[in-house]
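Me: Please take me through this structure step by step, since I am new to it. I would like each answer to give its reasons before it settles on a value or a name.

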Amino acid sequence: MSHAAPLPATMKAVLLTGHGGLEKLVYTDVPTPRPDSGEVVIRVGACGLNNTDINTRTAWYSKTVDQAIGDGGADGFETIDDTEATWGSGAIHFPVIQGADVVGRIVAVGPDTDPGRIGERVIIDPWLLGHGDWQNTANSGYFGSECDGGFAEYTKVRAANALPVTSDLTDAELATFPCAYTTAENLVNRTTPRPGETVVITGASGGVGSAAIQLCRLRGCRVIAVASLTKADLLRDLGAEIVIDRNTDDLESAIRTAAQGPVDIALDVVGAPMFMALINALRQGGRYSTSGCIAGPMAKFDLRQLVYKDLQLTGATICPPGTMHRVVGMIETGALKPLLAETFGLKDLARAQEIFLQKQHVGNIVVTP
């Protein structure tokens, strides 16, 4: 038996009905979720968009795709393998409600869950990690991918993933944090930055990149950002010392000039077009970490740079337990600044994804029921 205020029988939600174009996003009525043992139901105040939402819909994760995220356009890619079309190289079950970045209030709890949590303002930790080997993709789900997410009026999640948050920020502002900042925190941590080191960050105006700027500055690092120069002032406000034009012809030289030599760390979400320049710009024993390759997954690589420069290269996807707790702590102390680019109504999710794909925004786009 659950403890709950009366919930409506149905709610509005956006269903992803299959791989393909924006027509696969269907705004409709669906049953309102009910909490099972150890779960809570949340009235969604806001839910942020992420590359994962686009990648899953367009099937970009399929290994048959070797193009940039936007190259499939809003309609997705023609040649895909449905059996490996999610971030964890598995199949996705349709229909599904996407949306990982949920902020709202608990309105119902399931058995074995404290009814005193009803009314609590929470932010969802999107990583649904199991016990034991949490880096095994069979043991680590993602909210809005392996289960229904937050592009709806209500959603449910296990109680441990609904983290209390005390903040004067709006729901829409808080919804800019979960995916981008946990990803960025993991991306940064994989390189163990030390105070005084110089870090170059690509895709610096996006959700993860702008988060990484702030997280590196909190660690006492000097930050060089790679982005459109139209966004330079905002990135400097976040803590970037120098902003390099992402369209520069010789990125390696531009980085070395800005750093007055090689850099200690490269944090990359862009991928193929910038990969080798970043590797070449690293010092002996430098560290490279990536959490995405939005501009292309297939990169040429001179292995001599790895071998003879003693480099460390790491991927950063599954976030360790406790990552979102650390992010919430930084939110509550005001150490992190939300970057809310634009807000759309839930029924306009398809339009929001169109704007997201244009990559003209800084920070995160959010939808509200």
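Me: Is R121 buried or exposed, and what is its relative accessible area?
Reply: In this predicted model, a residue counts as buried when its relative accessible area is under 20%. R121 falls under that cut-off and is therefore buried, with a relative accessible area of 14%.

Me: With which residue does R121 form a salt bridge?
Reply: R121 lies in strand β6 (residues 121–124), and its partner lies in helix α2 (residues 171–174), so the pair ties together parts that are 50 residues apart in sequence. The partner counts as partly exposed, at 25% relative accessibility. The closest N and O atoms are 2.7 Å apart, and the residue that R121 pairs with is D171.

Me: How many residues apart are K156 and D36?
Reply: K156 forms a salt bridge with D36, and their closest N and O atoms are 3.1 Å apart. K156 belongs to strand β9 (residues 154–158), whereas D36 sits in the loop between β3 (25–31) and β4 (39–48), so that the pair links distant parts of the chain. K156 is partly exposed at a relative accessible area of 27%, and D36 is partly exposed as well, at 44%. The separation of K156 and D36 along the chain is 120 residues.

Me: Which helix holds both R351 and E354?
Reply: R351 and E354 form a salt bridge in which the closest N and O atoms are 3.3 Å apart. R351 counts as partly exposed at 42% relative accessibility, and E354 is partly exposed with a relative accessible area of 33%. Because they are three residues apart in one helix, about one helical turn separates them, and that helix is α10 (residues 349–358).

Me: How many salt bridges does a search of the whole structure find?
Reply: Some of the charged residues are linked in a network of salt bridges, namely R194, E197, D264, R283 and R287. Over the whole structure, the number of salt bridges found is 16.

Me: Through which helix does the chain cross from β14 to β15?
Reply: Strand β14 (residues 263–268) and strand β15 (residues 282–290) pair in the parallel sense over five bridges, and D268 stands opposite T290 in β15. The β-α-β crossover between these strands is right-handed, and the helix on the path is α7 (residues 272–281).

Me: Which residue of β16 stands opposite T290?
Reply: β15 pairs with strand β16 (residues 312–315) in the parallel sense over four bridges. Together with helix α8 (residues 303–308), β15 and β16 make a right-handed β-α-β unit. The residue of β16 opposite T290 is G315.

Definitions and conventions:
Residues numbered from 1 in each chain as written. Predicted model: local features only at pLDDT ≥ 70, side-chain atom pairs only at ≥ 80, totals over all residues. Heavy atoms only, no water. Salt bridge = Lys/Arg side-chain N within 4 Å of Asp/Glu carboxyl O. Helix = DSSP H or I, 4+ residues; strand = E, 2+ residues; numbered from the N terminus. Buried < 20%, exposed > 50% of the residue type's maximum accessible area, 1.4 Å probe, protein only. Pairing = 2+ DSSP bridges. Right-handed = clockwise from strand over helix to strand, strands pointing away.
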